[in-house]
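Visitor: I'd like a close look at one part of this structure, and then at whatever connects outward from there. Could you walk me through it slowly?

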Amino acid sequence: MPDISLTVIALLCIAALAAGWIDAVVGGGGLLLLPALLLGLPSHTPAAHALGTNKAVAIVGTTGAAVTYARKAPVDVRTAVRIGLAALAGSSAGAFFAAGMSTDVLKPVIMVVLLGVAAFVILRPAFGTAPATGPATRRQILAAIGLAGLGIGFYDGLIGPGTGTFLVLALTAVLHLDLVTASATAKIVNCCTNAGALATFAWQGAVLWKLAALMAVFNLAGGTLGAHTALKKGSGFVRVVLLTVVFALVGNMAYEQWVA
């Protein structure tokens with residue numbers, strides 16, 4: 001582990017706790033966790049180590065949230081795993097293409113899409129608040145595998161930020177889930193994509209395991225607490241957090257695109 005002060009380690013652990021909570025409720029915890037690592041690690045630390053450590057931390061919190069949701073929410077685990085495996089393939093393809101493509105070209109498009117999503121959610125107060133109407137049809141499942149799995153998985157490998165939020169929105173729209181169940185399903189999908197990414201970073205030796213283990217404890221606590229909060233507060237609460245994260249994501253992308 002690099003030479004980091006106890007103050008910085010404490011701040012990184014607090015960031016991991018908050019990121020776990022946000023990610024469990026509606027996705028987007030990486031918006032807090034990854035920048036915290038990039039700022040907290042010594043300047044000479046390769047960026048890949050921040051990315052790898054981020055995945056090692058996030059997968060623990062995501063798994064804890066997924067287990068909590070699966071115990072108390074009506075999650076179709078089989079469907080979620082099928083979407084997750086498709087997302088794993090999609091993220092691998094996205095990572096392959098990312099090497100030869102400038103993501104700066106795509107970020108403005110993603111920002112417009114996110115603002116459109118925010119407008120849709122604001123203008124449709126009932127979106128994601130009604131309970132699921134019944135088991136998903138075969139056509140809906142295939143659409144979810146294509147959009148939430150391959151499509152958003154590809155985006156995760158290509159760019160990354162906001163993947164969990166996009167998953168929640170896509171699963172709500174395609175499978176007609178309420179936001180709580182969509183968040184629960186998204187966690188299982190995220191476990192699959194995080195596992196694939198972590199395996200790659202670990203193989204490359206780009207994970208700071210001691211720091212990741214410490215931060216993962218806090219991320220797990222945050223993820224478990226976030227899942228309990230979402231289950232207790234319901235879809236209306238998740239909707240508010242969703243809009244907050246969407247606007248934060250747009251602001252973050254705009255800053256990286258035109259300011260940083």
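**A look at isoleucine 152 and its surroundings**

Guide: Let's start with isoleucine 152, which has a relative accessible area of 9% and so counts as buried, the cut-off being under 20%. Bear in mind throughout that this is a predicted model. Isoleucine 152 sits in helix α6. Leaving aside residues up to four places away in sequence, its contacts are Leu147, Thr163, Phe166, Leu167 and Ala170. For a sense of scale, take glycine 251: 99 residues separate it from isoleucine 152 in sequence, and the two C-alpha atoms are 20 Å apart.

Phe166, one of those contacts, leads us on to the aromatic pairs. There are two of them in the model. In one, the rings of tryptophan 21 and phenylalanine 237 have centres 6.0 Å apart and planes at 80 degrees, so this pair is edge-to-face. It ties together distant parts of the chain, with tryptophan 21 in helix α1 (residues 6-26) and phenylalanine 237 in helix α10 (residues 235-258), 216 residues apart. Tryptophan 21 has a relative accessibility of 25%, so it is partly exposed. Phenylalanine 237 is partly exposed too, and its relative accessible area is 25%.

The other pair brings us back to our starting point: tyrosine 155 and phenylalanine 166 are edge-to-face, with 5.3 Å from centre to centre and 85 degrees between the planes. Here the link runs from helix α6 (residues 138-158), which holds tyrosine 155, to helix α7 (residues 163-175), which holds phenylalanine 166, and the two residues are 11 apart in the chain. Both tyrosine 155 and phenylalanine 166 are buried.

While we're on helix α6, have a look at isoleucine 145, which is also found there. With a relative accessible area of 17%, isoleucine 145 is buried. Beyond residues up to four places away in sequence, isoleucine 145 touches Arg82, Ile83, Ala86 and Leu150. Isoleucine 4 is another matter: 141 residues along the chain from isoleucine 145, it has its C-alpha atom 42 Å away from that of isoleucine 145.

Ile83 is worth a second glance, as it takes us into the core. The largest nonpolar core has 51 residues, and the ones touching the most other members are Val26, Ile83 and Leu171. The biggest contributor to this core is α10, with nine residues. As for valine 26, its contacts outside the four-place window are Gly164, Thr165, Val168, Ser183, Val238, Val241, Leu242 and Val245. There's also a second, separate core of 24 residues, and among its members are Ile4, Ala50, Ala197 and Ala206. In soluble globular proteins, nonpolar side chains tend to be buried together.

Now for some charge. The model has one salt bridge. It joins aspartate 23 and lysine 187, whose closest N and O atoms are 3.3 Å apart. Again distant parts of the chain are linked: aspartate 23 belongs to helix α1, lysine 187 to helix α8, and their positions lie 164 residues apart. Aspartate 23 is buried, and lysine 187 is as well.

Helix α1 also holds isoleucine 9, which is buried at 11% relative accessibility. Compare its position with threonine 244: the two are 235 residues apart in sequence, and their C-alpha atoms are 27 Å apart in space.

One backbone detail deserves a stop. Histidine 176 isn't a glycine, yet its phi is positive, at about 55 degrees. Most residues other than glycine have a negative phi. You'll find histidine 176 in the loop between α7 and α8 (179-203), and it is partly exposed, with a relative accessible area of 44%.

Last, let's go out to the surface. Leu17, Leu214, Val217 and Phe218 make up a nonpolar patch there, and together they have about 320 Å² of accessible area. Helix α9 (residues 209-233) supplies the largest share of this patch, three residues. Phenylalanine 218 is in helix α9, and with a relative accessible area of 35% it is partly exposed. Set that beside isoleucine 152, where we began, at 9% and buried.

Methods
Residues are numbered from 1 along each chain as its sequence is written. This is a predicted model: local features need pLDDT of at least 70, side-chain atom pairs count only at pLDDT 80 or more; totals for chains, interfaces and linings use all residues. Side-chain values use heavy atoms; hydrogens and water are left out. Patches are made of residues with over 30% relative accessible area and no salt bridge: like charges are joined within 9 Å, nonpolar side chains (Val, Leu, Ile, Met, Phe, Trp, Tyr) within 5 Å. Accessible areas come from the Shrake-Rupley method with a 1.4 Å probe; for residues, only the protein chains shown count as cover. A salt bridge is a side-chain nitrogen of Lys or Arg within 4 Å of a carboxyl oxygen of Asp or Glu. Helices (H or I, at least four residues) and strands (E, at least two) are DSSP runs, numbered from the N terminus. Buried means under 20% relative accessible area, exposed over 50%, partly exposed in between (1.4 Å probe, protein chains only). Rings of Phe, Tyr and Trp (its six-membered ring) pair if their centres lie within 6.5 Å; planes under 30 degrees apart count as stacked, over 60 as edge-to-face and the rest as tilted. A nonpolar core is a set of buried Ala, Val, Leu, Ile, Met, Phe, Trp, Tyr and Cys residues joined through side-chain atoms within 4.5 Å. Contact means heavy atoms within 4.5 Å.
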